Amino acid sequence: MSSSSSSEYYDAAPVPHCLCRIRRLAVRRTAWSERNPGRRFYNCSMSLIAADCKFFDWCDPPLNTHYKELILRLRNEANGNALAEAEHKLEVAQSLLANLKVKFANLKEKAILEVGTLKAQFEALKLRAKLLGAAFGSLVMVNGVMLVSYYLL
């Protein structure tokens with residue numbers, strides 16, 4: 001066993017079995033409560049899914065007050081940094097969303113104007129076709145398509 005790795009000390013201990021009828025290997029977890037910050041414990045691997053097994057055993061000895069306070073302070077600083085980073089990411093995402101909303105509104109306005117222009121052009125073409133039809137022949141609508149038959153003068 002190497003003295004350079006602190007996890008080897010904890011991994012050397014045998015993993016207990018829970019008290020279920022199946023006797024599963026217990027899982028090592030870490031408590032982050034105010035009373036036991038960073039203290040590791042064993043419980044049933046199914047404890048997060050099924051509440052039928054109540055197996056619980058501490059892996060680490062209790063911490064003294066100094067270490068509890070230190071771990072809690074570090075945890076709170078880490079959580080504060082993570083929160084500040086998440087808030088920054090949220091601000092960036094909200095800014096991008098606002099920019100996209102402006103772009104969308106501009107594109108929508110442009111599309112509405114183009115549709116209006118196309119409708120006006122279509123109405124002008126319909127009027128022109130009617131005039132041509134009255135002057136040179138007859139108009140016939142077939143499947144929504146205007147056909148003009150011309151008379152030779």
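Read along the sequence, the protein chain of this predicted model follows the pattern α-β-β-β-α-β-β, which comes to 2 helices and 5 strands. Of the 153 residues in the chain, 14% are buried. The accessible surface amounts to about 12500 Å², and carbon and sulfur atoms account for 62% of that area. Among the contacts between residues at least 6 apart in sequence, 25% join residues that are at least 24 apart.

The strands offer a convenient place to begin. Three of them, in the order β1-β2-β3, form an open sheet in which the pairing is antiparallel. Strand β1, covering residues 26-30, and strand β3, covering residues 56-58, stand at the edges, and because each has a single partner strand, one side of each is left without a neighbour in the sheet. On average, and with direction ignored, neighbouring strands of this sheet are turned by 30° against each other. The pairing of β1 with β2, the strand of residues 40-44, is antiparallel and rests on 5 bridges; a reader who wishes to find this register in the structure can start from Arg28, whose bridge partner in β2 is Tyr42.

Aromatic side chains give a second way of following the sheet. The count of aromatic pairs comes to 3. In one of them, the rings of Phe41 and Phe56 have their centres 5.1 Å apart and their planes at 25°, and since planes under 30 degrees apart count as stacked, this pair is stacked. Because Phe41 lies in strand β2 and Phe56 in strand β3, the pair ties together parts of the chain that are 15 residues apart in sequence. The two partners differ in their exposure, for Phe41 counts as buried at 11% relative accessibility, whereas Phe56, at 44%, counts as partly exposed.

Phe41 also takes part in a pair with Trp58, and here the ring centres are 6.0 Å apart with the planes at 80°, so that the arrangement is edge-to-face. This pair, too, links distant parts of the chain, with Phe41 in strand β2 and Trp58 in strand β3, 17 residues apart. Trp58 is partly exposed, with a relative accessible area of 29%. Taken together, ring pairs link Phe41, Phe56 and Trp58 into a cluster, and within this cluster Phe41 is a residue that counts as buried.

The cysteines deserve a separate look. The structure holds 0 disulfides, a count that depends on whether a pair of cysteine sulfur atoms lies within 2.5 Å. Cys44 is buried, with a relative accessible area of 1%, while Cys59 is partly exposed at 21%; because buried means under 20% relative accessible area, the value for Cys59 falls on the other side of that cut-off.

Beyond the sheet, helix α2 takes in residues 65-136, and Tyr67 has its place there. With a relative accessible area of 44%, Tyr67 is partly exposed. In sequence Tyr67 and Gly38 are 29 residues apart, and in space their C-alpha atoms are 9.7 Å apart.

Conventions:
Residues are numbered from 1 along each chain as its sequence is written. This is a predicted model: local features need pLDDT of at least 70, side-chain atom pairs count only at pLDDT 80 or more; totals for chains, interfaces and linings use all residues. Side-chain values use heavy atoms; hydrogens and water are left out. Buried means under 20% relative accessible area, exposed over 50%, partly exposed in between (1.4 Å probe, protein chains only). Two strands pair if DSSP finds at least two bridges between them. Helices (H or I, at least four residues) and strands (E, at least two) are DSSP runs, numbered from the N terminus. Axes are lines fitted to C-alpha atoms, for helices over the stretch in contact, and angles run from 0 to 180 degrees between N-to-C directions. Contact means heavy atoms within 4.5 Å. Accessible areas come from the Shrake-Rupley method with a 1.4 Å probe; for residues, only the protein chains shown count as cover. Rings of Phe, Tyr and Trp (its six-membered ring) pair if their centres lie within 6.5 Å; planes under 30 degrees apart count as stacked, over 60 as edge-to-face and the rest as tilted.
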